[in-house]
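Work through the exercises below with the sequence and the structure side by side. Each task is followed by a solution in steps.

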Amino acid sequence: MELIPIIALIIVLVLIIVAGYVKAPPDRAFIISGLRKNPRILVGRAGIKIPFFERVDKLYLGQMTVDIKTEQSVPTNDFINVNVDAVAKVRIGTDPAAIQLAAKNFLNKNPEQITQDLQDSLQGNMREIIGTLSLKVINTDRDSFSDQVMEKASRDMSKLGIEILSCNIQNVTDENGLINDLGMDNTAKIKKDAAIAKAQADRDVAIAQAEADKAANDARVTAQTEIAEKNNALAIKQAELKQQADTANAVADAAYSIQQQEQQKTIEAATVNAQIAKAEREAELKQKEVVVKQQELAAQIEKQADAEKYQAEKKAEAELIQRQKKAEAAKYEQEREADAKKAQAEAQKYAAEQEAAGIKAKYDAEAAGIAAKGKAEAEAIKAKGLAEAEAMEKKAEAYRKYNGAAMAEMMIKVMPEIAAEIAKPLSQIDKINIYETGDGGQGGASKISGNMPIVMKQVFDTMSEATGVDFSEIMRANTYDAKVNKNVNITGADVSVKTEEK
(Lines give C-alpha, C1' and ligand atoms only; values in the text may rest on other atoms or scores of the structure.)
Protein backbone atom coordinates (compact mmCIF):
# COMPACT_ATOMS: atom_id res chain seq x y z
CA MET A 1 0.00 0.00 0.00
CA GLU A 2 2.91 2.34 0.62
CA LEU A 3 4.17 1.88 -2.97
CA ILE A 4 1.00 3.26 -4.56
CA PRO A 5 1.63 6.95 -3.65
CA ILE A 6 5.23 6.67 -4.84
CA ILE A 7 4.18 5.19 -8.16
CA ALA A 8 1.50 7.84 -8.58
CA LEU A 9 4.06 10.57 -7.84
CA ILE A 10 6.43 9.13 -10.47
CA ILE A 11 3.66 8.99 -13.04
CA VAL A 12 2.74 12.62 -12.36
CA LEU A 13 6.37 13.69 -12.75
CA VAL A 14 6.67 11.81 -16.02
CA LEU A 15 3.50 13.44 -17.35
CA ILE A 16 4.78 16.87 -16.34
CA ILE A 17 8.08 16.25 -18.11
CA VAL A 18 6.36 14.95 -21.24
CA ALA A 19 3.90 17.82 -21.31
CA GLY A 20 6.62 20.43 -20.71
CA TYR A 21 9.29 19.14 -23.15
CA VAL A 22 10.13 21.68 -25.87
CA LYS A 23 12.86 21.71 -28.56
CA ALA A 24 13.83 24.84 -30.48
CA PRO A 25 15.01 24.64 -34.14
CA PRO A 26 18.20 26.50 -35.24
CA ASP A 27 16.27 29.37 -36.91
CA ARG A 28 13.99 30.16 -33.97
CA ALA A 29 14.41 31.13 -30.35
CA PHE A 30 12.06 29.63 -27.72
CA ILE A 31 11.67 32.00 -24.78
CA ILE A 32 10.43 30.32 -21.54
CA SER A 33 9.10 32.79 -18.98
CA GLY A 34 6.89 32.73 -15.85
CA LEU A 35 8.72 31.68 -12.70
CA ARG A 36 12.08 33.37 -13.19
CA LYS A 37 12.92 37.05 -13.41
CA ASN A 38 15.00 36.56 -16.58
CA PRO A 39 13.40 34.25 -19.11
CA ARG A 40 15.27 31.24 -20.49
CA ILE A 41 16.23 31.31 -24.19
CA LEU A 42 16.52 28.09 -26.25
CA VAL A 43 18.10 28.19 -29.72
CA GLY A 44 18.68 24.85 -31.45
CA ARG A 45 18.37 22.83 -28.22
CA ALA A 46 15.74 21.24 -25.96
CA GLY A 47 14.38 22.27 -22.55
CA ILE A 48 11.58 21.71 -20.00
CA LYS A 49 8.81 24.17 -19.05
CA ILE A 50 6.56 23.72 -16.10
CA PRO A 51 2.97 23.41 -17.29
CA PHE A 52 0.50 26.04 -16.04
CA PHE A 53 3.34 28.07 -14.50
CA GLU A 54 5.55 28.85 -17.51
CA ARG A 55 4.87 29.70 -21.14
CA VAL A 56 6.85 29.39 -24.40
CA ASP A 57 7.04 32.25 -26.92
CA LYS A 58 8.76 32.01 -30.31
CA LEU A 59 11.03 34.47 -32.13
CA TYR A 60 12.14 34.02 -35.78
CA LEU A 61 15.95 34.27 -36.20
CA GLY A 62 16.35 33.54 -39.94
CA GLN A 63 17.48 35.92 -42.68
CA MET A 64 14.84 38.32 -43.98
CA THR A 65 14.69 40.51 -47.11
CA VAL A 66 13.39 44.06 -46.83
CA ASP A 67 12.50 46.05 -49.98
CA ILE A 68 13.48 49.70 -49.51
CA LYS A 69 11.87 52.10 -51.97
CA THR A 70 11.46 55.85 -51.97
CA GLU A 71 7.73 56.07 -52.59
CA GLN A 72 8.17 59.77 -53.46
CA SER A 73 11.02 61.59 -55.15
CA VAL A 74 13.80 62.70 -52.79
CA PRO A 75 16.01 65.76 -53.60
CA THR A 76 19.75 65.14 -53.67
CA ASN A 77 22.50 67.45 -52.45
CA ASP A 78 22.43 69.20 -55.86
CA PHE A 79 18.57 69.55 -55.69
CA ILE A 80 17.71 66.85 -58.22
CA ASN A 81 14.71 64.66 -57.40
CA VAL A 82 15.52 60.96 -57.60
CA ASN A 83 13.83 57.63 -56.89
CA VAL A 84 15.95 54.82 -55.45
CA ASP A 85 15.15 51.10 -55.12
CA ALA A 86 17.25 48.99 -52.74
CA VAL A 87 17.15 45.61 -50.99
CA ALA A 88 18.46 44.94 -47.45
CA LYS A 89 19.19 41.56 -45.84
CA VAL A 90 18.52 41.61 -42.05
CA ARG A 91 18.13 39.20 -39.15
CA ILE A 92 17.65 39.26 -35.38
CA GLY A 93 20.94 39.16 -33.45
CA THR A 94 21.93 35.81 -31.92
CA ASP A 95 23.33 37.07 -28.61
CA PRO A 96 20.91 37.01 -25.61
CA ALA A 97 20.80 40.81 -25.30
CA ALA A 98 19.72 41.25 -28.94
CA ILE A 99 17.16 38.48 -28.59
CA GLN A 100 15.66 40.13 -25.50
CA LEU A 101 15.43 43.48 -27.34
CA ALA A 102 13.83 41.86 -30.40
CA ALA A 103 11.43 39.89 -28.19
CA LYS A 104 9.91 43.15 -26.93
CA ASN A 105 8.97 44.12 -30.54
CA PHE A 106 8.71 40.99 -32.73
CA LEU A 107 7.70 38.14 -30.41
CA ASN A 108 5.53 35.48 -32.07
CA LYS A 109 5.58 37.41 -35.41
CA ASN A 110 6.25 35.79 -38.76
CA PRO A 111 9.03 37.08 -41.11
CA GLU A 112 6.61 39.09 -43.26
CA GLN A 113 5.32 41.02 -40.26
CA ILE A 114 8.88 41.73 -39.04
CA THR A 115 10.02 43.06 -42.45
CA GLN A 116 6.92 45.25 -42.67
CA ASP A 117 7.79 46.79 -39.31
CA LEU A 118 11.40 47.45 -40.39
CA GLN A 119 10.61 48.85 -43.83
CA ASP A 120 9.58 52.35 -42.73
CA SER A 121 12.69 52.81 -40.58
CA LEU A 122 15.05 51.71 -43.35
CA GLN A 123 13.32 53.94 -45.93
CA GLY A 124 13.75 56.94 -43.64
CA ASN A 125 17.47 56.21 -43.20
CA MET A 126 17.96 55.93 -46.98
CA ARG A 127 16.12 59.23 -47.61
CA GLU A 128 18.44 60.98 -45.15
CA ILE A 129 21.55 59.67 -46.92
CA ILE A 130 20.20 60.68 -50.37
CA GLY A 131 19.89 64.30 -49.20
CA THR A 132 23.64 64.41 -48.38
CA LEU A 133 24.92 63.10 -51.74
CA SER A 134 24.95 64.43 -55.32
CA LEU A 135 23.27 62.65 -58.25
CA LYS A 136 26.60 61.72 -59.83
CA VAL A 137 27.91 60.14 -56.61
CA ILE A 138 24.67 58.20 -56.03
CA ASN A 139 24.71 56.80 -59.57
CA THR A 140 28.43 56.08 -59.99
CA ASP A 141 29.53 55.09 -56.46
CA ARG A 142 26.70 52.85 -55.34
CA ASP A 143 28.89 50.83 -52.99
CA SER A 144 29.69 53.92 -50.94
CA PHE A 145 26.02 54.94 -51.02
CA SER A 146 24.88 51.52 -49.73
CA ASP A 147 27.60 51.52 -47.03
CA GLN A 148 26.40 54.88 -45.75
CA VAL A 149 22.80 53.65 -45.66
CA MET A 150 23.88 50.54 -43.70
CA GLU A 151 25.93 52.63 -41.25
CA LYS A 152 23.07 55.04 -40.70
CA ALA A 153 20.42 52.32 -40.34
CA SER A 154 22.56 50.05 -38.12
CA ARG A 155 22.38 52.50 -35.23
CA ASP A 156 18.58 52.46 -35.31
CA MET A 157 18.29 48.73 -35.98
CA SER A 158 20.61 47.77 -33.09
CA LYS A 159 18.09 49.34 -30.68
CA LEU A 160 15.56 46.81 -31.96
CA GLY A 161 17.98 43.86 -31.77
CA ILE A 162 18.31 43.72 -35.61
CA GLU A 163 21.53 43.14 -37.59
CA ILE A 164 21.85 44.47 -41.17
CA LEU A 165 23.74 41.89 -43.24
CA SER A 166 23.81 43.72 -46.58
CA CYS A 167 22.24 46.57 -48.52
CA ASN A 168 22.26 46.65 -52.35
CA ILE A 169 21.19 49.60 -54.53
CA GLN A 170 19.22 48.16 -57.46
CA ASN A 171 17.96 51.14 -59.41
CA VAL A 172 18.35 54.95 -59.47
CA THR A 173 16.06 57.15 -61.61
CA ASP A 174 15.30 60.87 -61.83
CA GLU A 175 12.24 62.75 -62.99
CA ASN A 176 13.94 64.86 -65.71
CA GLY A 177 16.11 62.20 -67.35
CA LEU A 178 19.40 63.77 -66.26
CA ILE A 179 21.01 60.36 -65.79
CA ASN A 180 20.31 59.51 -69.43
CA ASP A 181 21.74 62.88 -70.52
CA LEU A 182 24.94 62.20 -68.56
CA GLY A 183 25.16 58.84 -70.28
CA MET A 184 24.69 60.41 -73.71
CA ASP A 185 27.44 62.93 -72.99
CA ASN A 186 29.83 60.17 -71.99
CA THR A 187 28.80 58.16 -75.04
CA ALA A 188 29.59 61.07 -77.35
CA LYS A 189 33.02 61.52 -75.76
CA ILE A 190 33.77 57.82 -76.07
CA LYS A 191 32.70 57.79 -79.73
CA LYS A 192 34.88 60.81 -80.45
CA ASP A 193 37.93 59.24 -78.80
CA ALA A 194 37.25 56.00 -80.62
CA ALA A 195 37.01 57.73 -84.00
CA ILE A 196 40.31 59.55 -83.42
CA ALA A 197 42.01 56.35 -82.32
CA LYS A 198 40.63 54.50 -85.34
CA ALA A 199 41.91 57.16 -87.75
CA GLN A 200 45.37 57.03 -86.21
CA ALA A 201 45.34 53.24 -86.30
CA ASP A 202 44.29 53.22 -89.98
CA ARG A 203 47.15 55.60 -90.79
CA ASP A 204 49.67 53.42 -88.99
CA VAL A 205 48.30 50.31 -90.68
CA ALA A 206 48.60 51.91 -94.13
CA ILE A 207 52.21 52.90 -93.49
CA ALA A 208 53.09 49.49 -92.12
CA GLN A 209 51.32 47.78 -95.02
CA ALA A 210 53.30 49.78 -97.58
CA GLU A 211 56.58 48.94 -95.87
CA ALA A 212 55.59 45.28 -95.60
CA ASP A 213 54.64 45.14 -99.29
CA LYS A 214 58.02 46.56 -100.27
CA ALA A 215 59.90 44.12 -98.05
CA ALA A 216 57.76 41.24 -99.28
CA ASN A 217 58.46 42.10 -102.92
CA ASP A 218 62.21 42.25 -102.30
CA ALA A 219 62.13 38.97 -100.44
CA ARG A 220 60.01 37.38 -103.16
CA VAL A 221 62.51 38.26 -105.88
CA THR A 222 65.41 36.95 -103.80
CA ALA A 223 63.56 33.76 -102.88
CA GLN A 224 62.50 32.98 -106.45
CA THR A 225 66.09 33.33 -107.65
CA GLU A 226 67.37 31.04 -104.92
CA ILE A 227 64.57 28.54 -105.53
CA ALA A 228 65.44 28.27 -109.22
CA GLU A 229 69.06 27.46 -108.41
CA LYS A 230 68.11 24.95 -105.73
CA ASN A 231 65.61 23.25 -108.05
CA ASN A 232 68.38 22.63 -110.59
CA ALA A 233 70.62 21.08 -107.93
CA LEU A 234 67.68 19.14 -106.56
CA ALA A 235 66.86 17.60 -109.94
CA ILE A 236 70.45 16.36 -110.29
CA LYS A 237 70.49 14.93 -106.76
CA GLN A 238 67.09 13.27 -107.23
CA ALA A 239 68.35 11.47 -110.32
CA GLU A 240 71.35 10.15 -108.40
CA LEU A 241 69.24 9.04 -105.45
CA LYS A 242 66.70 7.35 -107.71
CA GLN A 243 69.47 5.36 -109.38
CA GLN A 244 70.75 4.23 -105.97
CA ALA A 245 67.23 3.36 -104.77
CA ASP A 246 66.50 1.31 -107.92
CA THR A 247 69.74 -0.64 -107.44
CA ALA A 248 68.91 -1.38 -103.79
CA ASN A 249 65.37 -2.50 -104.71
CA ALA A 250 66.71 -4.85 -107.36
CA VAL A 251 69.16 -6.43 -104.88
CA ALA A 252 66.40 -6.84 -102.27
CA ASP A 253 64.02 -8.47 -104.79
CA ALA A 254 66.73 -10.92 -105.91
CA ALA A 255 67.56 -11.89 -102.31
CA TYR A 256 63.88 -12.46 -101.55
CA SER A 257 63.45 -14.68 -104.62
CA ILE A 258 66.49 -16.79 -103.67
CA GLN A 259 65.27 -17.23 -100.10
CA GLN A 260 61.82 -18.21 -101.31
CA GLN A 261 63.28 -20.88 -103.61
CA GLU A 262 65.38 -22.31 -100.75
CA GLN A 263 62.33 -22.58 -98.50
CA GLN A 264 60.36 -24.29 -101.27
CA LYS A 265 63.14 -26.85 -101.73
CA THR A 266 63.14 -27.62 -98.00
CA ILE A 267 59.38 -28.15 -98.00
CA GLU A 268 59.49 -30.44 -101.05
CA ALA A 269 62.33 -32.56 -99.53
CA ALA A 270 60.37 -33.01 -96.29
CA THR A 271 57.28 -34.04 -98.26
CA VAL A 272 59.23 -36.66 -100.28
CA ASN A 273 60.79 -38.10 -97.09
CA ALA A 274 57.36 -38.45 -95.51
CA GLN A 275 56.02 -40.23 -98.58
CA ILE A 276 59.01 -42.64 -98.63
CA ALA A 277 58.52 -43.46 -94.93
CA LYS A 278 54.85 -44.12 -95.59
CA ALA A 279 55.65 -46.44 -98.51
CA GLU A 280 58.19 -48.38 -96.40
CA ARG A 281 55.61 -48.87 -93.66
CA GLU A 282 53.06 -50.14 -96.17
CA ALA A 283 55.61 -52.61 -97.73
CA GLU A 284 56.54 -53.96 -94.27
CA LEU A 285 52.85 -54.45 -93.51
CA LYS A 286 52.36 -56.36 -96.79
CA GLN A 287 55.28 -58.68 -95.94
CA LYS A 288 53.75 -59.46 -92.56
CA GLU A 289 50.47 -60.29 -94.23
CA VAL A 290 52.22 -62.71 -96.64
CA VAL A 291 53.91 -64.54 -93.74
CA VAL A 292 50.60 -64.85 -92.00
CA LYS A 293 49.00 -66.26 -95.15
CA GLN A 294 51.84 -68.80 -95.53
CA GLN A 295 51.43 -69.91 -91.95
CA GLU A 296 47.71 -70.28 -92.44
CA LEU A 297 48.30 -72.36 -95.58
CA ALA A 298 50.83 -74.67 -93.82
CA ALA A 299 48.45 -75.12 -90.94
CA GLN A 300 45.67 -76.07 -93.32
CA ILE A 301 47.90 -78.64 -95.12
CA GLU A 302 49.07 -80.14 -91.83
CA LYS A 303 45.55 -80.26 -90.55
CA GLN A 304 44.34 -82.00 -93.70
CA ALA A 305 47.12 -84.61 -93.44
CA ASP A 306 46.45 -85.23 -89.80
CA ALA A 307 42.75 -85.39 -90.44
CA GLU A 308 43.10 -88.54 -92.51
CA LYS A 309 44.78 -90.28 -89.60
CA TYR A 310 43.28 -88.57 -86.63
CA GLN A 311 40.11 -87.20 -88.15
CA ALA A 312 38.01 -87.90 -85.17
CA GLU A 313 40.54 -86.80 -82.54
CA LYS A 314 42.13 -83.79 -84.22
CA LYS A 315 39.12 -82.12 -85.74
CA ALA A 316 38.30 -80.18 -82.59
CA GLU A 317 41.94 -79.34 -81.98
CA ALA A 318 42.41 -78.10 -85.55
CA GLU A 319 39.39 -75.85 -85.33
CA LEU A 320 40.68 -74.42 -82.04
CA ILE A 321 44.11 -73.78 -83.51
CA GLN A 322 42.59 -72.22 -86.59
CA ARG A 323 40.53 -69.79 -84.51
CA GLN A 324 43.56 -68.86 -82.40
CA LYS A 325 45.65 -68.23 -85.49
CA LYS A 326 42.98 -66.06 -87.04
CA ALA A 327 42.63 -64.01 -83.84
CA GLU A 328 46.37 -63.49 -83.61
CA ALA A 329 46.58 -62.56 -87.27
CA ALA A 330 43.72 -60.08 -86.90
CA LYS A 331 45.33 -58.54 -83.82
CA TYR A 332 48.69 -58.28 -85.56
CA GLU A 333 47.07 -56.72 -88.61
CA GLN A 334 45.29 -54.14 -86.47
CA GLU A 335 48.55 -53.24 -84.74
CA ARG A 336 50.30 -52.81 -88.08
CA GLU A 337 47.48 -50.67 -89.38
CA ALA A 338 47.61 -48.46 -86.26
CA ASP A 339 51.37 -48.04 -86.68
CA ALA A 340 50.90 -47.07 -90.32
CA LYS A 341 48.27 -44.44 -89.44
CA LYS A 342 50.51 -43.05 -86.69
CA ALA A 343 53.44 -42.79 -89.11
CA GLN A 344 51.19 -41.07 -91.66
CA ALA A 345 49.99 -38.55 -89.04
CA GLU A 346 53.57 -37.81 -88.01
CA ALA A 347 54.53 -37.23 -91.66
CA GLN A 348 51.60 -34.84 -92.15
CA LYS A 349 52.52 -32.97 -88.95
CA TYR A 350 56.13 -32.63 -90.11
CA ALA A 351 54.99 -31.36 -93.51
CA ALA A 352 52.71 -28.78 -91.84
CA GLU A 353 55.53 -27.61 -89.58
CA GLN A 354 57.85 -27.23 -92.58
CA GLU A 355 55.17 -25.30 -94.46
CA ALA A 356 54.63 -22.94 -91.46
CA ALA A 357 58.37 -22.40 -91.18
CA GLY A 358 58.54 -21.54 -94.88
CA ILE A 359 55.70 -19.03 -94.58
CA LYS A 360 57.38 -17.42 -91.55
CA ALA A 361 60.68 -17.18 -93.42
CA LYS A 362 58.87 -15.65 -96.38
CA TYR A 363 57.23 -12.97 -94.20
CA ASP A 364 60.55 -12.29 -92.45
CA ALA A 365 62.24 -11.75 -95.80
CA GLU A 366 59.41 -9.46 -96.97
CA ALA A 367 59.64 -7.44 -93.73
CA ALA A 368 63.42 -7.09 -94.13
CA GLY A 369 62.98 -5.91 -97.72
CA ILE A 370 60.34 -3.35 -96.72
CA ALA A 371 62.55 -2.08 -93.89
CA ALA A 372 65.51 -1.73 -96.25
CA LYS A 373 63.35 0.07 -98.79
CA GLY A 374 61.98 2.47 -96.10
CA LYS A 375 65.49 3.17 -94.86
CA ALA A 376 66.65 3.97 -98.41
CA GLU A 377 63.67 6.30 -98.94
CA ALA A 378 64.40 8.07 -95.63
CA GLU A 379 68.05 8.52 -96.61
CA ALA A 380 66.96 9.88 -100.00
CA ILE A 381 64.58 12.41 -98.41
CA LYS A 382 67.30 13.49 -95.99
CA ALA A 383 69.83 13.91 -98.82
CA LYS A 384 67.24 15.83 -100.83
CA GLY A 385 66.66 18.28 -97.97
CA LEU A 386 70.41 18.76 -97.43
CA ALA A 387 70.96 19.37 -101.14
CA GLU A 388 68.14 21.96 -101.29
CA ALA A 389 69.52 23.79 -98.24
CA GLU A 390 73.07 23.82 -99.65
CA ALA A 391 71.88 25.06 -103.04
CA MET A 392 69.80 27.83 -101.44
CA GLU A 393 72.86 28.98 -99.43
CA LYS A 394 75.10 29.04 -102.55
CA LYS A 395 72.49 30.93 -104.51
CA ALA A 396 72.09 33.54 -101.77
CA GLU A 397 75.89 33.98 -101.60
CA ALA A 398 76.12 34.46 -105.35
CA TYR A 399 73.28 36.98 -105.29
CA ARG A 400 75.01 38.99 -102.55
CA LYS A 401 78.18 39.20 -104.70
CA TYR A 402 76.17 40.44 -107.64
CA ASN A 403 77.30 44.12 -107.72
CA GLY A 404 76.36 47.04 -109.89
CA ALA A 405 79.07 46.38 -112.48
CA ALA A 406 77.80 42.86 -113.07
CA MET A 407 74.25 44.18 -113.44
CA ALA A 408 75.47 46.74 -115.93
CA GLU A 409 77.29 44.04 -117.91
CA MET A 410 74.11 41.98 -118.10
CA MET A 411 72.08 44.96 -119.26
CA ILE A 412 74.70 45.97 -121.87
CA LYS A 413 74.69 42.43 -123.30
CA VAL A 414 70.98 42.65 -124.04
CA MET A 415 71.25 46.13 -125.59
CA PRO A 416 71.74 44.78 -129.14
CA GLU A 417 68.68 42.61 -128.76
CA ILE A 418 66.69 45.63 -127.57
CA ALA A 419 67.93 47.69 -130.54
CA ALA A 420 67.00 44.87 -132.92
CA GLU A 421 63.49 44.73 -131.48
CA ILE A 422 63.14 48.51 -131.83
CA ALA A 423 64.26 48.40 -135.49
CA LYS A 424 62.15 45.33 -136.28
CA PRO A 425 59.03 47.36 -137.25
CA LEU A 426 61.10 49.30 -139.85
CA SER A 427 62.17 46.06 -141.52
CA GLN A 428 58.50 45.23 -142.20
CA ILE A 429 58.02 48.40 -144.33
CA ASP A 430 58.23 47.75 -148.11
CA LYS A 431 58.15 51.32 -149.28
CA ILE A 432 58.52 54.76 -147.69
CA ASN A 433 57.39 57.97 -149.37
CA ILE A 434 58.96 61.03 -147.77
CA TYR A 435 57.49 64.46 -148.45
CA GLU A 436 59.77 67.14 -147.08
CA THR A 437 59.93 70.84 -147.63
CA GLY A 438 63.19 72.59 -146.97
CA ASP A 439 66.62 71.19 -146.16
CA GLY A 440 67.06 70.01 -149.69
CA GLY A 441 64.67 67.05 -149.24
CA GLN A 442 67.01 65.28 -146.87
CA GLY A 443 65.28 66.03 -143.54
CA GLY A 444 62.75 63.15 -143.69
CA ALA A 445 65.32 60.37 -144.11
CA SER A 446 67.61 61.84 -141.55
CA LYS A 447 64.78 62.07 -139.01
CA ILE A 448 63.89 58.38 -139.41
CA SER A 449 67.48 57.25 -138.90
CA GLY A 450 68.00 59.85 -136.21
CA ASN A 451 65.15 58.50 -134.10
CA MET A 452 67.07 55.31 -133.38
CA PRO A 453 69.71 56.87 -131.05
CA ILE A 454 66.96 58.81 -129.29
CA VAL A 455 64.96 55.66 -128.63
CA MET A 456 68.10 53.80 -127.51
CA LYS A 457 68.98 56.64 -125.12
CA GLN A 458 65.46 56.51 -123.67
CA VAL A 459 65.81 52.75 -123.12
CA PHE A 460 69.28 53.34 -121.59
CA ASP A 461 67.88 55.97 -119.19
CA THR A 462 64.93 53.75 -118.25
CA MET A 463 67.31 50.90 -117.36
CA SER A 464 69.40 53.25 -115.22
CA GLU A 465 66.28 54.46 -113.34
CA ALA A 466 64.99 50.90 -112.82
CA THR A 467 68.28 49.50 -111.47
CA GLY A 468 69.75 52.58 -109.80
CA VAL A 469 73.02 52.18 -111.75
CA ASP A 470 74.40 54.98 -113.96
CA PHE A 471 75.40 52.98 -117.05
CA SER A 472 76.86 56.04 -118.81
CA GLU A 473 79.36 56.48 -115.97
CA ILE A 474 80.24 52.77 -116.05
CA MET A 475 80.85 52.83 -119.82
CA ARG A 476 83.08 55.91 -119.43
CA ALA A 477 85.07 54.27 -116.63
CA ASN A 478 87.92 53.18 -118.97
CA THR A 479 87.95 56.27 -121.16
CA TYR A 480 90.75 58.86 -121.16
CA ASP A 481 88.49 61.38 -119.45
CA ALA A 482 87.66 58.96 -116.59
CA LYS A 483 91.30 58.06 -116.05
CA VAL A 484 92.48 61.69 -116.05
CA ASN A 485 89.67 63.61 -114.35
CA LYS A 486 87.36 61.11 -112.55
CA ASN A 487 87.61 58.20 -110.20
CA VAL A 488 84.57 55.92 -110.72
CA ASN A 489 83.81 53.55 -107.79
CA ILE A 490 81.05 50.96 -108.11
CA THR A 491 79.92 49.16 -104.95
CA GLY A 492 76.78 46.97 -104.94
CA ALA A 493 74.00 48.88 -106.65
CA ASP A 494 75.29 52.40 -105.74
CA VAL A 495 77.52 54.44 -108.14
CA SER A 496 79.56 57.36 -106.80
CA VAL A 497 81.82 59.68 -108.92
CA LYS A 498 84.61 61.57 -107.25
CA THR A 499 86.48 64.30 -109.21
CA GLU A 500 90.20 64.69 -108.57
CA GLU A 501 92.31 67.59 -109.74
CA LYS A 502 95.43 66.51 -111.60
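Two strands count as paired if DSSP finds at least two bridges between them. The model used here is predicted.

**Exercise 1. Determine how β2 and β3 pair, and over how many bridges.**

Step 1. Between β2 and β3 there are four bridges, and the sense of the pairing is antiparallel. At least two bridges are required for a pair.

Step 2. For a residue-level check, find phenylalanine 30, which lies opposite leucine 42 in β3.

Step 3. Follow the chain through the hairpin of β2 and β3, where six residues separate the strands. Glycine 34 in this hairpin has a positive phi near 145°.

**Exercise 2. Give the strand order of the open sheet that contains β2, and state which strands stand at its edges.**

Step 1. Look at the other partner of β2. Residues 28–33 form this strand, and six bridges join it to β5 in the antiparallel sense. Alanine 29 faces leucine 59 of β5.

Step 2. Put the strands in order: the open sheet has three of them, running β3-β2-β5, with antiparallel pairing.

Step 3. Identify the edges. β3 (40–43) and β5 (55–60) each have a single partner strand, so each has one side without a neighbour in the sheet.

Step 4. Add the twist, which averages 25° from one strand to the next.

**Exercise 3. Describe the length of α3, the place of its kink and its buried residues.**

Step 1. Compare the span with expectation. α3 has 20 residues, and the distance from its first C-alpha to its last is 28 Å, close to the 28 Å expected at 1.5 Å a residue.

Step 2. Locate the kink: α3 bends by about 30°, and the kink is centred on glutamine 119.

Step 3. List the buried positions, which are Ile114, Thr115, Leu118, Leu122, Gln123, Asn125, Met126, Ile129 and Ile130.

Step 4. Recall the helix geometry when reading such a list. An α-helix has 3.6 residues a turn, so residues three or four places apart point the same way.

**Exercise 4. Is threonine 115 buried or exposed? Which residues does threonine 115 touch?**

Step 1. Place the residue: threonine 115 belongs to helix α3.

Step 2. Apply the cut-off. Threonine 115 has a relative accessible area of 15%, and buried means under 20%. Threonine 115 is therefore buried.

Step 3. Name the contacts. Leaving out residues up to four places away in sequence, threonine 115 touches Met64, Thr65 and Val66.

**Exercise 5. Characterise phenylalanine 79 and asparagine 108, which have positive phi values without being glycines.**

Step 1. Read the angles. Phi is near 60° for phenylalanine 79 and about 60° for asparagine 108.

Step 2. Place the residues. Phenylalanine 79 sits in the loop between β7 (74–75) and β8 (81–92). Asparagine 108 sits in the loop between α2 (96–106) and α3 (111–130).

Step 3. Classify the exposure. The relative accessible area of phenylalanine 79 is 75%, so this residue is exposed. The value for asparagine 108 is 46%, so this residue is partly exposed.

**Exercise 6. Summarise the protein chain as a whole.**

Step 1. Count the elements: eleven helices and eleven strands.

Step 2. State the burial: 20% of the 502 residues of the protein chain count as buried.

Step 3. Take the contacts with a separation of 6 or more. Of these, 66% are between residues 24 or more positions apart.

Step 4. Give the accessible surface, about 35200 Å², with 55% of it belonging to carbon and sulfur atoms.

Conventions: Residues are numbered from 1 along each chain as its sequence is written. This is a predicted model: local features need pLDDT of at least 70, side-chain atom pairs count only at pLDDT 80 or more; totals for chains, interfaces and linings use all residues. Side-chain values use heavy atoms; hydrogens and water are left out. Helices (H or I, at least four residues) and strands (E, at least two) are DSSP runs, numbered from the N terminus. Buried means under 20% relative accessible area, exposed over 50%, partly exposed in between (1.4 Å probe, protein chains only). The expected span of a helix is 1.5 Å times one less than its number of residues. The bend at a residue is the angle between axes fitted to the seven residues ending there and the seven starting there. Axes are lines fitted to C-alpha atoms, for helices over the stretch in contact, and angles run from 0 to 180 degrees between N-to-C directions. Contact means heavy atoms within 4.5 Å. Accessible areas come from the Shrake-Rupley method with a 1.4 Å probe; for residues, only the protein chains shown count as cover.
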